[in-house]
Amino acid sequence: MTLPDTHRAIDAVWRIESAKVIAGLTRIVRDVGLAEDLAQDALVAALEQWPQAGVPNNPGAWLMATAKRRAIDAMRRGSMQDRKHEQIGHELESRQETVVAELDEALDDNVGDDLLRLVFIACHPVLSTEARVALTLRLLGGLTTEEIARAFLATEPTIQQRIVRAKRTLADAKVPFEVPRGPELAARLSSVLSVVYLVFNEGYSATAGDDWVRPALCEDALRLGRILAELMPNEPEVHGLVALMEIQASRLRARVGPSGEPVLLLDQDRGRWDHLLIRRGLAALERAESLDGTPGPYTIQAAIAACHARARTGVETDWARIAAFYAALGQLTPSPIVELNRAVAVAMAFGPAAGLELVDALTGEPSLQSYHLLPSVRGDLLSKLGRLDEARSEFERAASLTRNAKERELLLGRAASAGAVERSRDR
């Protein structure tokens, strides 16, 4: 195996196994920052040894064993105290034999529970949303600081500082390494799911930059969602989120044209949709709906996505059903954006005038004043009603508000088309 091949193999192993290693270490050292340092030590050892010795038959176990030895060595040298972990170091030193046995057990046995605890730490509400996203991608996604920075169009020092501050905040707050129980579980799980879906959405429809989609982020979010579904099989909203992401991800290839330009839903070649992902998504939705309880917001959104997935053409889409789902979602989680989406569905089901009436009621909503999709939707409905000059103005306003270059080109193109049709009509 060549050196580049070995490095690619190490990278792949790290992405798959790093979260397990960090989770197992965190349970023992009770400090996620120190646990990641120890896991990184194991990665450095792999980069040094594998190019000469070859990739082990079980590379995940090799990383785990190496991290375990580094942790035990750190305890015996007292180097944890050097890293300003005096209290942890004293506690571990006083019960070193027990700790070593626990560490063996933690790193050799099933680490599903530890992984789940790590998820809840990385997405803890004590952290800002940006910090949760960065820490989750670092600890659970195995991404480097450079990769996270590139994905979110930030500088590496910004992301690095965000991660360092997040670890410090968790340590200062003495966040326990445990899965929340009782009433707290629902609130904390909501935080976890929102982080995963935020990552997915940034990949599905990039808020800024030159690319319309970033499939790698969608893949990272899907992997995290699938892990959660395995770790929390009886939580319907976990399956609902997985269903939503699987079905939406099925359209990724059809969402861009040959030059990377956006292709809107009704213009997409449905033959390019990934039907394996659709089947997986529908199965996850069925699982979510089979569990007890009222459908949550992710399950409802997955049901909406399923309506699109089941329609062979845009014309066959059950828009009235989608509008009803959005009404239910609005009752559960009232939001101007949900109402805007309902307006689109109403327009498709009952005509553009009916949809425009709902959109016009949202124009004074403060939270939507800088939201580019409001004038974009309004422009589309005005265009269908033949009010082309107004439509052109709305598309131009939407283009001025978006931070995504490809989307701006699309909107300016629609504005130009509306203007051209209006001029030809006036002749």
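Biologist: Why are Tyr197 and Phe200 described as separated by about one helical turn?

Modeller: The two residues are three places apart in helix α11, so about one turn of the helix separates Tyr197 from Phe200. An α-helix has 3.6 residues a turn, so residues three or four places apart point the same way. I should add that this is a predicted model.

Biologist: How many aromatic pairs does the ring criterion give, and what makes the pair of Tyr197 and Phe200 stacked?

Modeller: The count comes to four aromatic pairs. For Tyr197 and Phe200 the ring centres are 6.2 Å apart, and the planes differ by 15°. The cut-offs are 6.5 Å for pairing and under 30 degrees for stacking, so the two rings form a stacked pair.

Biologist: What makes Phe200 and Tyr204 a stacked pair?

Modeller: Their centres lie 5.8 Å apart, with 15° between the planes. Set against the limits of 6.5 Å and 30 degrees, these values therefore place the pair in the stacked class. Phe200 and Tyr204 are four residues apart in α11, about one turn of the helix. Tyr197, Phe200, Tyr204 and Tyr298 form one aromatic cluster.

Biologist: How do you know whether Phe200 and Tyr204 are buried or exposed?

Modeller: The threshold for buried is under 20% relative accessible area. Phe200 has 0% relative accessibility and so counts as buried. Tyr204 has 9% and therefore also counts as buried.

Biologist: What makes Arg255 a charge over the ring of Tyr204, and which ring lies under Arg251?

Modeller: The charged end of Arg255 is 3.9 Å from the ring centre of Tyr204, where the distance limit is 6 Å. Arg251 lies over the face of Trp273, with 5.8 Å to the ring centre.

Biologist: Why are α11 and α13 called roughly parallel?

Modeller: They pack at an angle of about 5°, with their axes 11 Å apart. Angles under 35 degrees count as roughly parallel, so α11 and α13 receive that description. On the α11 side the contact is made by Leu189, Leu193, Val196, Tyr197, Phe200 and Tyr204. The residues of α13 in this contact include Leu241, Leu244 and Met245.

Biologist: What makes α8 roughly perpendicular to α10?

Modeller: The axes of α8 and α10 come within 9 Å and cross at roughly 95°. The range for roughly perpendicular is 65 to 115 degrees, so α8 is placed in that class relative to α10. Glu130, Ala131, Ala134, Leu135 and Arg138 are the α8 residues in the contact, while those of α10 include Ile163, Ala166 and Leu170.

Biologist: How do you know that the span of α12 agrees with its number of residues?

Modeller: Helix α12 has 17 residues, 215-231, and at 1.5 Å a residue should span 24 Å. Its end C-alpha atoms are 24 Å apart, so the two values agree. Among the buried residues of α12 are Leu217, Ala221, Leu224 and Leu228. The elements covering the buried residues of α12 include α7, α8, α9, α11 and α13.

Biologist: Why is Glu202 called buried, and which residues is Glu202 in contact with, leaving aside its neighbours within four places in sequence?

Modeller: Glu202, which lies in helix α11, has a relative accessible area of 10%. That is under the 20% limit, so Glu202 is buried. Apart from those sequence neighbours, Glu202 is in contact with Ala151, Phe152, Thr207, Ala208, Arg214 and Leu217. The C-alpha atoms of Glu202 and Ala221 are 9.9 Å apart, with these positions 19 residues apart along the chain.

Biologist: Why does His239 count as buried?

Modeller: His239 of helix α13 has a relative accessible area of 9%, and under 20% means buried. With neighbours within four places in sequence left aside, the contacts of His239 include Ala229, Met232, Ala284 and Leu291.

Biologist: Why is Arg30 called partly exposed, whereas Lys174 is called exposed?

Modeller: The value for Arg30 is 43%, and partly exposed covers the range between 20% and 50%. Lys174 has 65%, which is over 50%, so Lys174 is exposed. Arg30 is in the loop between α1 and α2, and its phi is near 55°. Lys174 is in the loop between α10 and α11, and its phi is near 50°.

Methods
Residues are numbered from 1 along each chain as its sequence is written. This is a predicted model: local features need pLDDT of at least 70, side-chain atom pairs count only at pLDDT 80 or more; totals for chains, interfaces and linings use all residues. Side-chain values use heavy atoms; hydrogens and water are left out. The expected span of a helix is 1.5 Å times one less than its number of residues. Buried means under 20% relative accessible area, exposed over 50%, partly exposed in between (1.4 Å probe, protein chains only). Contact means heavy atoms within 4.5 Å. Rings of Phe, Tyr and Trp (its six-membered ring) pair if their centres lie within 6.5 Å; planes under 30 degrees apart count as stacked, over 60 as edge-to-face and the rest as tilted. A charge sits over a ring if NZ of Lys or CZ of Arg is within 6 Å of the ring centre and within 35 degrees of the ring normal. Axes are lines fitted to C-alpha atoms, for helices over the stretch in contact, and angles run from 0 to 180 degrees between N-to-C directions. Angles under 35 degrees count as roughly parallel, over 145 as roughly antiparallel, 65 to 115 as roughly perpendicular and the rest as oblique.
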